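You asked for a note that would help someone meeting this structure for the first time. The points below are meant to be read with the sequence and the model side by side.

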Amino acid sequence: MKVFKNFTDYSSQKPLALSLGMFDGVHLGHKSIIDELTQIGTENNLETAILTFWPHPRFVFNPNEDLKLLNTLEEKKQLVEKYGIDNLFLKEFDEEFRNLTGEEFVRQILVDKLNVKYLIIGYDHSFGKNKSGNFELLQKLSKELGFEVEQMEAINIHENNISSTKVRNALLAGNIQEANEMLGYSYSVSGTVVHGKKIGRTIGYPTANIDTESIKLLPKKGAYIVEVFVKGNQYKGMLSIGTNPTVNGEKLTVEVYILDFDEDIYDEKITVSFRDFLHDEIKFEGLDKLIERLDEDKKITEEFNF
């Protein structure tokens, strides 16, 4: 997959089948669009492309908003490539671009610069200054400018439309299996292992403290069953998101106890995939009660069907 940050860097003899949007999470709704793109590309000898924005436009319109994303940039690239897209455009949402009307965007970018011959958009997608671009505009321009346009229907699970917002809300409620069902894969968080207070090792549960990207959404505070990927190997794990109230902690930390593992992994990058929610963050009366609960959580984790 080729990645472009500027449209001027792109040149190809083949026209494109393209879709545009944030694709945050690259969930099953997005995958349905990508699957359609790849089929159209194969049938019509077109290269496939996703046009998305980095950073998220909401950071431009609402710089003080504490927006957390489902994907880091690297994760988004990996998912889009995994699903078979040929080209990924990562457009900065700068002043010039945000002032393009929907029609100007179609004419100047999609047709003139990218040679789009087939365009697929989601069921609720709008674009351009003041959201002036929509499916109706695309239908009108497609006849004049010589491209085809298709609007995908929403993908439903349990009679609910899948959206990035609904995935975020599920994670923030600790509904891990619901979020994973909408994503089509297990939600994951990556980061570097850093030094912590090392209290866990004194009670038989040494944890790896993960320094995660600030832009990345963390599920609600609590304990989770996770898969841990470290140094090319996969392990079962128990992960905690919280402030360690039992020992009067204040800073939010992400810590994982890796089952059947005893290696020094400081400064290593690891990934944890969330599989299920164990319980909310608890302030125990003492370390003995904490150990009892950790023993229970470990048993549940060991018996979990990964």
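What follows is a set of numbered points on domains, aromatic rings, charged pairs and one residue of the second domain.

1. The coordinates belong to a predicted model, and the reader should keep that in mind through every point of this note. Residue numbers start from 1 and follow the chain as its sequence is written.

2. On the overall layout, the domain assignment of the protein gives domain 1 as residues 2-157 and domain 2 as residues 186-303. The centres of domain 1 and domain 2, taken over C-alpha atoms, are separated by 37 Å. The contact between them draws on 9 residues from domain 1 and 8 residues from domain 2.

3. The interface itself can be described by its area: domain 1 and domain 2 bury about 700 Å² between them, and 58% of this lies on carbon and sulfur atoms. Which three residues supply more than any other three of the area that domain 1 buries against domain 2? They are Lys68, Leu70 and Thr72, which together supply 57% of that area. Across the interface of domain 1 and domain 2, the rule finds 1 salt bridge.

4. Turning to the aromatic rings, the structure holds 16 aromatic pairs. One of them joins Phe4 and Tyr10 in an edge-to-face arrangement, with 5.3 Å from centre to centre and 85 degrees between the planes. Phe4 is buried, at a relative accessible area of 12%, and Tyr10 also counts as buried, at 8% relative accessibility.

5. A further aromatic pair, formed by Phe53 and Phe93, is edge-to-face as well, with 5.6 Å centre to centre and 80 degrees between the planes. Phe53 lies in strand E3 (residues 47-53), whereas Phe93 lies in the loop between strand E4 (87-91) and helix H4 (95-98), so the pair ties together parts that are 40 residues apart in sequence. Phe53 is buried, with a relative accessible area of 10%, and Phe93 counts as buried at 14% relative accessibility.

6. The residues of these two pairs also belong to a wider group, since one aromatic cluster is formed by Phe4, Phe7, Tyr10, Phe53, Phe89, Phe93, Phe97, Phe105 and Phe127. Another ring to look at is that of Tyr83, because Lys31 lies over its face, at 5.3 Å from the ring centre.

7. Among the charged side chains, the structure holds 14 salt bridges. Glu75 forms one of them with Lys216, the closest N and O atoms being 2.7 Å apart. The pair links distant parts of the chain, with Glu75 in helix H3 (residues 73-82) and Lys216 in the loop between strand E10 (208-212) and strand E11 (222-230), 141 residues apart. Are these two side chains buried or exposed? Glu75 is buried, with a relative accessible area of 12%, and Lys216 counts as buried at 6% relative accessibility.

8. The side chains of Glu144 and Arg107 meet in another salt bridge, at 2.9 Å from N to O. This pair, too, links distant parts of the chain: Glu144 lies in helix H6 (residues 135-145) and Arg107 in helix H5 (residues 102-113), 37 residues apart. Glu144 counts as exposed at 53% relative accessibility, while Arg107 counts as partly exposed at 26%.

9. A salt bridge within one helix is that of Lys299 and Glu303, whose side chains meet at 2.8 Å, N to O. Both residues lie in helix H9 (residues 287-303), 4 residues apart, which is about one turn of the helix. Lys299 counts as partly exposed at 49% relative accessibility, and Glu303 counts as exposed at 57%. Elsewhere, salt bridges that share partners join Glu103, Arg107 and Glu144 into one network.

10. A last residue to inspect is Ile265, which lies in the loop between strand E13 (253-258) and strand E14 (269-279). Ile265 is buried, with a relative accessible area of 6%. Leaving aside residues up to four places away in sequence, Ile265 touches Val193, Ala208, Val230, Lys231, Ile258 and Ile270. The C-alpha atoms of Ile265 and Lys140, which are 125 residues apart along the chain, are separated by 57 Å.

Technical notes
Predicted model: local features only at pLDDT ≥ 70, side-chain atom pairs only at ≥ 80, totals over all residues. Heavy atoms only, no water. Phe/Tyr/Trp six-rings, centres within 6.5 Å; stacked < 30°, edge-to-face > 60°. Buried < 20%, exposed > 50% of the residue type's maximum accessible area, 1.4 Å probe, protein only. Helix = DSSP H or I, 4+ residues; strand = E, 2+ residues; numbered from the N terminus. Lys NZ or Arg CZ within 6 Å of the ring centre and 35° of its normal. Salt bridge = Lys/Arg side-chain N within 4 Å of Asp/Glu carboxyl O. Domains from an automatic or database assignment. Contact = heavy atoms within 4.5 Å. Buried area = accessible area lost by both parts, 1.4 Å probe.
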